[in-house]
Amino acid sequence: MSELAFITGATSGIGRATAEALAAKGYRLALAARNVEKLNDTAEDLRMKYNADVSVYPLDVRDRDAVQATAAACLAECGAPDVLVNDAGLARGLEPYEETSPDDIEQMIDTNIRGLFLVTRAFLPAMLSRNSGHIVNLGSTAGLYAYAGAAVYCATKAAVKTFSDGIRIDVIDSDIKVTTIQPGIVQTNFSEVRFHGDKARAAAVYEGVDALQAEDIANVIVFAVSQPKRVQLSDIVIMANQQATGFMVSKKKKS
Ligand code: NDP
Ligand code: 8X3
């Protein structure tokens with residue numbers, strides 16, 4: 001049977017592109033996100049394009065009981081994932097910390113940290129019991145370089161990197177691999193979500209910059225999960241050509 005990838009945040013941006021790239025490689029897919037309609041549309045699209053075997057799991061990763069029930073259902077229906085992509089995540093707001101809404105703070109922590117930790121906890125025992133599997137966590141350059149107005153988002157992504165490093169130690173006697181993907185500016189729905197649906201403000205983020213595309217990150221994830229068993233890529237940082245650190249992007253490219 002072909003390998004299985006369980007992907008959170010699979011309906012948009014990097015998660016969606018990763019689902020497509022892995023479908024093209026012949027993976028079976030188990031896709032999770034909150035919006036059921038988008039999940040079904042994504043699954044149908046991948047079945048049509050790649051004849052892919054796709055299961056869908058509507059899930060809010062912040063809901064501990066739902067995470068456990070989803071993992072149990074996936075393990076029973078599809079088996080343990082060969083690849084677990086913890087992609088679901090978001091930024092909310094871009095203002096000094098003292099002005100940041102407590103709701104936004106909690107949503108970032110609960111999704112980017114707590115959700116990712118819970119999903120990993122739900123699947124890791126099954127991966128360990130077969131002694132195989134690759135956990136791919138979406139960090140960010142934001143976790144390496146803090147920037148103005150994003151203290152919470154940056155801290156959540158730093159947590160993802162440190163968590164990944166921690167579980168890599170805990171599974172060291174096994175063949176499980178853990179990779180943190182740390183992209184810079186990627187043009188997805190990310191900014192529209194960050195700015196609470198303000199499309200004009202979101203579009204301005206990408207104006208004048210040749211931003212990374214979701215497919216670029218998906219290609220790197222495919223590369224990471226396609227290495228021989230002896231090779232473990234621990235951290236991969238991917239910046240746009242005109243990017244130097246997190247959120248430091250030149251919009252004055254020399255011709
Ligand atoms: P998108 O907004 O395009 O996609 C986010 C995905 O996450 C959607 O499928 C969304 O679906 C899902 N999601 C959000 N909240 C939850 C939740 N509580 N439970 C389950 N699914 C959820 O963003 P990106 O593709 O850009 O971001 C994906 C990941 O990459 C994030 O972790 C982000 O922090 C990280 N990243 C993004 C970068 C960028 O510049 N775009 C750069 C570096 C890292 P739904 O709303 O239906 O749940
Ligand atoms: C998303 C990249 O630079 O917008 O993690 O924070 S950035």
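## Pockets and ligands in a predicted model

The second largest pocket is lined by Glu3, Tyr27, Asp82, Val83, Ser132, Gly133, His134, Asp175, Lys177, Val225, Gln227 and Lys229. The structure described here is a predicted model, and in it this second largest pocket holds about 200 Å³ of space. Its lining divides by class into three nonpolar, four polar and five charged residues.

The largest pocket has a volume of about 1100 Å³. Its lining is made up of 50 residues, of which Gly89, Leu90, Thr188, Asn189 and Phe190 are the closest to the centre of the pocket. Two or more lining residues come from each of α1, β2 (28-33), α4 (102-130), α5, α6 and α7 (199-206), and α6 gives the most, with five residues. By class, the lining of the largest pocket comprises 22 nonpolar, 18 polar and 10 charged residues.

Ligand 1 sits in the largest pocket, and ligand 2 sits in the largest pocket as well.

Around ligand 1 there are 30 residues, and those that come nearest are Thr11, Ser12, Arg34, Tyr153 and Thr188. At least two residues of this shell are supplied by each of α1 (13-24), α5 (151-170) and α6 (190-194). The shell around ligand 1 consists of 13 nonpolar, 12 polar and five charged residues.

The residues that surround ligand 2 are Ser140, Ala142, Tyr147, Tyr153, Gly184, Phe190 and Phe247. Five of the residues in this shell are nonpolar and two are polar, while no charged residue belongs to the shell.

Both ligands have polar atoms of the protein beside them, and the table lists these contacts with their distances.

| Ligand atom | Protein partner | Distance |
|---|---|---|
| nitrogen of ligand 1 | side chain of aspartate 60 | 2.9 Å |
| oxygen of ligand 1 | side chain of threonine 188 | 2.5 Å |
| oxygen of ligand 1 | backbone of asparagine 189 | 3.3 Å |
| oxygen of ligand 2 | side chain of serine 140 | 2.6 Å |
| oxygen of ligand 2 | side chain of tyrosine 147 | 2.4 Å |
| oxygen of ligand 2 | side chain of tyrosine 153 | 2.5 Å |

How much of the area that each ligand exposes when taken alone does the protein bury? For ligand 1, the area exposed when it is taken alone is 880 Å², and the protein buries 94% of that. For ligand 2, the corresponding area is 240 Å², of which the protein buries 90%.

How values were computed. Residues numbered from 1 in each chain as written. Chains lettered and ligands numbered in written order. Predicted model: local features only at pLDDT ≥ 70, side-chain atom pairs only at ≥ 80, totals over all residues. Heavy atoms only, no water. Near = heavy atom within 4 Å. Polar contact = N/O pair within 3.5 Å; in protein donor to acceptor, adjacent residues only side chain to side chain. Areas by Shrake-Rupley, 256 points an atom, 1.4 Å probe, with all protein chains shown as cover. 1 Å grid on protein atoms, 1.4 Å probe; cavity = no way out; pocket = protein on both sides within 12 Å on 5 of 7 lines; lining within 4 Å. Sits in = over half its atoms within 2 Å of the grid points. Helix = DSSP H or I, 4+ residues; strand = E, 2+ residues; numbered from the N terminus. Nonpolar A, V, L, I, M, F, W, Y, C, P; charged D, E, K, R; others polar. Points joined across faces, edges and corners; volume = space filled by probe spheres on them.
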